[in-house]
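Biologist: I'm new to this one, so could you bring it up and walk me through it?

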Amino acid sequence: PPEEPKLEMTLRQIATEVLKAVHGTLQWVQFDDGVVRAWVALRLSQTLEKRGKRKEAVAVIEDAVASINHARYLLLAKEIDPTTSWEALDAVPSVSTKTGDAAAPRRPNHEMEQVLACLQVDVLHCKYRCLLALGVEHSQRVAASRQATNAATRLKRTKEQTIYGSKSRKQLREEEDEAERDRARPLLPPKQWERDLVSGCNKNVYERAVVLIEMARLPRLSDERQRILQEASDAIAEAEALEARIEDQVSSKPSLERTSKPLPPRLVMRSATAMIVSADAWRQPKGEAPREVAGYALYCKNEGSGVAVSLNNVEFRGTGIARPQGDKIIVHGLTPNESYVFAVAPVDPQGKVIGGVGETSVPVVALLPMPTLLLWGHVALSASQMQLAALTRSSGHRLYSHFVSE
């Protein structure tokens with residue numbers, strides 16, 4: 001009997017099948033090591049990308065993003081201790097994930113948090129690289145369809161010359177020009193495709209920077225690349241400014257000033273869908289009969305919706321419920337990449353609000369921040385490869401000034 005043909009697999013195909021098996025097994029057993037799950041998903045998505053299977057790669061990347069977000073959330077939640085003093089109530093890596101701070105005091109899980117945060121940057125770069133490539137493929141399919149339609153129209157006109165007469169020189173020249181244009185294949189995704197990717201990041205300036213960096217890496221004119229990379233640099237700078245605002249409010253000592261209403265709550269921890277805050281003790285004004293404060297209720301709303309936080313802002317799980325004084329309050333059900341503001345209201349032993357809602361916090365975006373130094377490194381590398389000297393110097397200076405002391 002004739003021998004069956006042997007189907008030889010390439011090393012890349014073998015690697016894909018092995019990684020698929022490992023990735024599927026880790027998901028099935030709900031493996032609790034976020035680093036391993038994310039690393040396997042990243043390698044699998046990169047292998048699929050190289051084989052041109054970008055839709056499959058994006059689906060795997062989404063699993064990696066979910067694994068990283070979950071692992072980072074659990075890592076931070078593990079460090080929250082109800083008996084912690086105000087000095088430990090900083091938002092840890094949720095405020096700023098900075099690499100290279102050798103002199104800074106280290107928390108138990110600091111290195112693990114850094115690994116997860118850096119993996120998240122790598123995963124998002126792979127995600128948007130694939131999505132932009134899918135946009136290019138879409139543009140090329142549209143161009144190929146237009147070419148086929150125009151060719152069919154020209155052929156039909158040629159066959160009808162016996163009816164309508166021979167084509168003029170002008171018509172022949174126009175057809176040649178049209179055919180020449182149709183042979184060119186677009187190298188960029190549609191403009192709307194790119195706008196949708198940027199707008200999809202909403203208020204997540206870290207993710208927006210990643211999208212813009214990958215957009216700049218596509219074959220474009222130098223001026224356009226410089227403009228896009230400058231937008232990415234502006235997004236990273238905005239992220240650092242927002243971190244600083246939150247950190248200032250979080251790390252400031254409890255005020256000894258007597259105020260007519262409670263101060264803004266402090267951010268203890270945040271993730272893409274939940275935040276934990278705490279309230280400082282309210283020092284009531286002198287000259288008024290002191291009222292007994294048994295605890296606080298938290299109120300929360302989207303930034304920009306309405307005028308100020310009020311007693312009506314109880315749509316999120318965990319809001320509007322009286323908590324004993326000193327307890328941390330967790331709010332669930334937030335929308336990723338949306339910005340929120342918070343305020344607390346003091347309650348008496350009977351659970352009734354005393355005097356209304358206190359001062360409003362600074363806006364906080366529901367996300368887990370990424371290491372801005374790594375993002376600056378991507379900008380510097382891209383600018384250098386594109387021979388954009390000014391951007392290379394400005395972004396490289398951010399890294400140099402952080403790691404090198406003169």
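Modeller: What follows is a conversation about a predicted model, taken topic by topic.

Biologist: Let's start with the sheet, then. In what order do the four strands of the open sheet come?

Modeller: The order across the open sheet is S4-S3-S6-S7, and the pairing is antiparallel. Strand S4, residues 322-324, and strand S7, residues 364-365, stand at the edges with a single partner strand each, so one side of each is left without a neighbour in the sheet.

Biologist: How many bridges join S3 to S6?

Modeller: Eight bridges join them, with strand S3 covering residues 295-302 and strand S6 covering residues 339-347, and the two run antiparallel. If you want to follow the register by eye, Gly-295 stands opposite Val-347 in S6, and further along S3 you will find Leu-298 opposite Val-344 of S6.

Biologist: And how many bridges pair S3 with S4?

Modeller: Three bridges pair S3 with S4, again in the antiparallel sense, and one pair to look for there is Ala-297, whose bridge partner in S4 is Ala-322.

Biologist: Is S3 mostly covered or mostly open, and how many of its residues are buried?

Modeller: Strand S3 is mostly covered, since seven of its eight residues are buried.

Biologist: Switching to charges: which side chain of opposite charge is nearest to Arg-270?

Modeller: That is Glu-243, at 5.7 Å, and Arg-270 is buried yet has no salt bridge. Since a salt bridge here requires a nitrogen-to-oxygen distance within 4 Å, the pair with Glu-243 at 5.7 Å is not counted as one.

Biologist: Where does Arg-270 sit, and what does its side chain reach?

Modeller: Arg-270 is found in strand S1, residues 266-270, and its side chain reaches the backbone oxygen of Val-365 at 2.9 Å. Val-365 falls within the range of S7, residues 364-365, one of the edge strands mentioned earlier.

Biologist: How many salt bridges does the count come to?

Modeller: The count comes to 17 salt bridges, and a few of them are worth following individually. One is between the side chains of Lys-20 and Glu-56, at 3.4 Å from N to O. Lys-20 lies in helix H1 and Glu-56 in helix H3, residues 54-79, so the pair ties together parts that are 36 residues apart in sequence.

Biologist: How accessible are Lys-20 and Glu-56?

Modeller: Lys-20 counts as partly exposed at 31% relative accessibility, and Glu-56 is also partly exposed, at 36%.

Biologist: What about Lys-203 and Glu-303, what do their side chains form?

Modeller: Their side chains meet in a salt bridge, with 3.8 Å from N to O. Lys-203 lies in the loop between H8 and H9 while Glu-303 lies in the loop between S3 and S4, so this pair ties together parts that are 100 residues apart in sequence.

Biologist: And Glu-240 with Arg-398, how far is it from N to O?

Modeller: The distance is 3.3 Å, and the two side chains meet in a salt bridge. Glu-240 belongs to helix H10, residues 222-251, and Arg-398 to helix H12, residues 389-403, so the pair ties together parts that are 158 residues apart in sequence. Beyond such pairs, salt bridges that share partners join Lys-191, Glu-194, Arg-220, Glu-224, Arg-227 and Glu-231 into one network.

Biologist: Now backbone angles. What is phi for Asn-202 and for Asn-337?

Modeller: Phi is near 55 degrees for Asn-202 and near 70 degrees for Asn-337, and both values are positive in a residue other than glycine. As background, most residues other than glycine have a negative phi.

Biologist: Where are they, and are they buried or exposed?

Modeller: Asn-202 is in the loop between helix H8, residues 191-200, and helix H9, residues 205-216, and it is partly exposed with a relative accessible area of 32%. Asn-337 lies in the loop between strand S5, residues 329-331, and S6, and with a relative accessible area of 13% it is buried.

Biologist: Last thing, which residues form the nonpolar patch on the surface?

Modeller: The patch is formed by Met-9, Leu-11, Ile-14, Val-18 and Val-22, which together have about 470 Å² of accessible area. Met-9 is found in the segment before helix H1, residues 11-28, and at 47% relative accessibility Met-9 counts as partly exposed.

Definitions and conventions: Residues numbered from 1 in each chain as written. Predicted model: local features only at pLDDT ≥ 70, side-chain atom pairs only at ≥ 80, totals over all residues. Heavy atoms only, no water. Pairing = 2+ DSSP bridges. Patch = residues over 30% accessible without salt bridge, like charges linked within 9 Å, V, L, I, M, F, W, Y side chains within 5 Å. Areas by Shrake-Rupley, 256 points an atom, 1.4 Å probe, with all protein chains shown as cover. Buried < 20%, exposed > 50% of the residue type's maximum accessible area, 1.4 Å probe, protein only. Lys, Arg positive; Asp, Glu negative; His and termini not counted. Polar contact = N/O pair within 3.5 Å; in protein donor to acceptor, adjacent residues only side chain to side chain.
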